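Hi,

Here is the structure I promised to pass on to you. Have it open while you read, and the notes below should be easy to follow.

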Amino acid sequence: MSPKRVLLLTSPNSYRTQAYVDAAGRLGIEPVIVVDLPQLLAQEWNYALGADFGDPWKAADEIVNTLTKLGDGVESDIRLDAVLALDDGGARVAALVAERLGLAHNDQMASEAARNKFRMRTLLSSCGAPVPAFSEFRTDDNMKAIIARAEEEIGYPCVVKPEELNGSRGVIRANLRCELAAAVRRLTALIGEGQPFLIEGYIPGVEVALEGLIDRNQLHCLALFDKPDPLEGPYFEETIYVTPSRLPQDVQSAIVDATENAARGLGLQTGPIHAELRINENGPWIVEVAGRSIGGLCSRILRFGMEVGNGSSLEELILRQATGLPLENLERESQAGGVMMIPIPAAGILRKVNGVDAAKAVAGIEEVQITVRLDQSLVPLPEGDAYLGFIFARGESPALVEESLRQAHGFLQFEIAPEFALIS
């Protein structure tokens, strides 16, 4: 019997690829990787398959044509069991490829809505989901007109957002007219002239993240993360995730219900989702629902079905669901877990990292991984798209896990030289 085979659409610098490849190996699934690069450049990077995800239809054509050649000219011989996008950029391509190969998938418009903030807000608003006031603008619109319309339709405080970047890139809070103008100019410098962007009302409250898996149109909540650091702006750099949540059970149930309704409103029917919500006296509000799993290396703190051995990783559950393998226990381990995405404190060139051994020695810390290289240029938010690394912890309670993460981070010291130092 031939092994299951899954097509993984990823980007060259994705944190997620190796975790999926390792999970596929444990399940006896053959991964076929397509990277978001032109084919010739992909081969130079030692990838067998490449396509430019920026043009989803062309990319889907190239992928299917290449797979057809591999299948001796007969599409049925390709023997793919699933197509998965590991990052937002490949979501629509994955839907198009799966559709052409007759595989289970989310509708391409649903996949697009789950990565485009304006389309997401429009769909969610139309189905009655809790979302703030919002309006779409373009970076080449007249600034006075932008401000006048934003003040009339949204008010202050408000949040400026690019429509398609992720990881909080370009997301800036404005409390005053001068701050709004500055935020729009800064976003324009990041995404360019003539590009659409969103201005929406700021949602006060605590923020959480929900990791879920949709199977047979039903949402399974795999983990609910608290974000104990306040995310109040002007930028929204995420740092600590801790699970299980310390919120009251009725609030947690309302979060799951709001997320399931939002996913249904977007048309998401299968596969992983990662949702961000804010909670205040009016209940849960949807920040976003992405049709992918959690970013970075954060999934390392999630293990499921521990009573049957070492448990399953998040990626194993996603691959099982996608390829039709039986889904085993979806209960997360009982021990609390957490991760800290180490923020970039300043722009410049990373020269040295101190204190890693001391951070690793903190009780409850499982691993400290610095993912940036020495002499690499660092760009903080709102322009940057990376972290310095990750700290992972487990403990008897969420409070102890959070304490371990903060203590470990306190030992880390980063020597960052100004960019102009390279000229000397």
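Below is what turned up when I went through it, starting with charged pairs and ending with a sheet.

One thing before the details: this is a predicted model, so please read everything here in that light.

**Charged pairs**

Side chains of opposite charge can pair when their charged atoms come close. How many salt bridges are there in this model? The count comes to 29. I picked three to show you.

Start with Arg278 and Glu207, whose closest N and O atoms are 2.7 Å apart. This salt bridge links distant parts of the chain, as Arg278 is in strand S12 (residues 271–280) and Glu207 is in strand S9 (residues 206–215), 71 residues apart. Are these two charged residues buried or exposed? Arg278 has 4% relative accessibility, so it counts as buried. Glu207 is buried as well, with a relative accessible area of 11%.

Strand S12 gives us the next pair too: Glu276 and Lys227 form a salt bridge, at 2.1 Å from N to O. Glu276 lies in S12, while Lys227 sits in the loop between strand S10 (218–226) and strand S11 (240–243), so this pair ties together parts that are 49 residues apart in sequence. Glu276 is buried, at a relative accessible area of 6%, and Lys227 counts as buried at 6% relative accessibility.

Now for a pair in another setting. Arg351 and Asp375 meet in a salt bridge of 2.8 Å, N to O. Here Arg351 belongs to strand S17 (residues 348–354) and Asp375 to the loop between strand S18 (365–370) and strand S19 (377–378), so parts 24 residues apart in sequence are tied together. Arg351 counts as partly exposed because its relative accessibility is 33%, whereas Asp375 is exposed, with a relative accessible area of 52%.

Salt bridges can also share partners: Arg92, Glu112, Arg115, Arg119 and Glu164 are joined into one network that way.

**Aromatic rings**

A search of the whole structure gives six aromatic pairs. Take Phe137 and Phe197: their ring centres are 5.7 Å apart and their planes are at 25°, so this pair is stacked. Why does it tie together parts that are 60 residues apart in sequence? Because Phe137 lies in strand S5 (residues 134–138) and Phe197 in strand S8 (residues 196–201). Both ends are hidden away: Phe137 is buried, with a relative accessible area of 2%, and Phe197 counts as buried at 0% relative accessibility.

Phe225 and Tyr241 make a tilted pair, with 5.2 Å from centre to centre and 50° between the planes. Phe225 is in S10 and Tyr241 in S11, 16 residues apart, so to speak linking distant parts of the chain. Phe225 and Tyr241 are both buried. You will also find one aromatic cluster, formed by Tyr15, Tyr387, Phe390 and Phe392.

Some rings have a charge for company. The charged end of Arg149 sits over the ring of Phe137, 4.4 Å from its centre. Arg173 lies over the face of Tyr202, and the distance to the ring centre is 4.0 Å.

**Nonpolar cores**

Which residues have the most contacts inside the largest nonpolar core? They are Leu84, Phe225 and Leu319, in a core of 32 residues. Several elements each supply at least two residues of this core, including strand S1 (5–10), helix H1 (17–27), strand S4 (82–85) and helix H10 (314–323). Try clicking on Leu319: leaving aside residues up to four places away in sequence, Leu319 touches Val6, Leu8, Tyr20, Ala23, Ala24, Leu27, Ile29 and Leu84.

Apart from the largest core lies another one, of 24 residues, among them Ala113, Met120, Leu224 and Ile286.

**A sheet**

Strands of a sheet pair through backbone hydrogen bonds, either parallel or antiparallel. In this model, three strands form an open sheet in the order S19-S17-S21, with antiparallel pairing. Which strands are at the edges? S19 and strand S21 (413–417) are the edge strands, each pairing on one side only. S17 and S19 run antiparallel and are joined by two bridges. If you want a spot to look at, Gly348 stands opposite Leu378 in S19.

Have fun exploring!

Definitions and conventions: Residues numbered from 1 in each chain as written. Predicted model: local features only at pLDDT ≥ 70, side-chain atom pairs only at ≥ 80, totals over all residues. Heavy atoms only, no water. Salt bridge = Lys/Arg side-chain N within 4 Å of Asp/Glu carboxyl O. Helix = DSSP H or I, 4+ residues; strand = E, 2+ residues; numbered from the N terminus. Buried < 20%, exposed > 50% of the residue type's maximum accessible area, 1.4 Å probe, protein only. Phe/Tyr/Trp six-rings, centres within 6.5 Å; stacked < 30°, edge-to-face > 60°. Lys NZ or Arg CZ within 6 Å of the ring centre and 35° of its normal. Core = buried A, V, L, I, M, F, W, Y, C linked by side-chain atoms within 4.5 Å. Contact = heavy atoms within 4.5 Å. Pairing = 2+ DSSP bridges.
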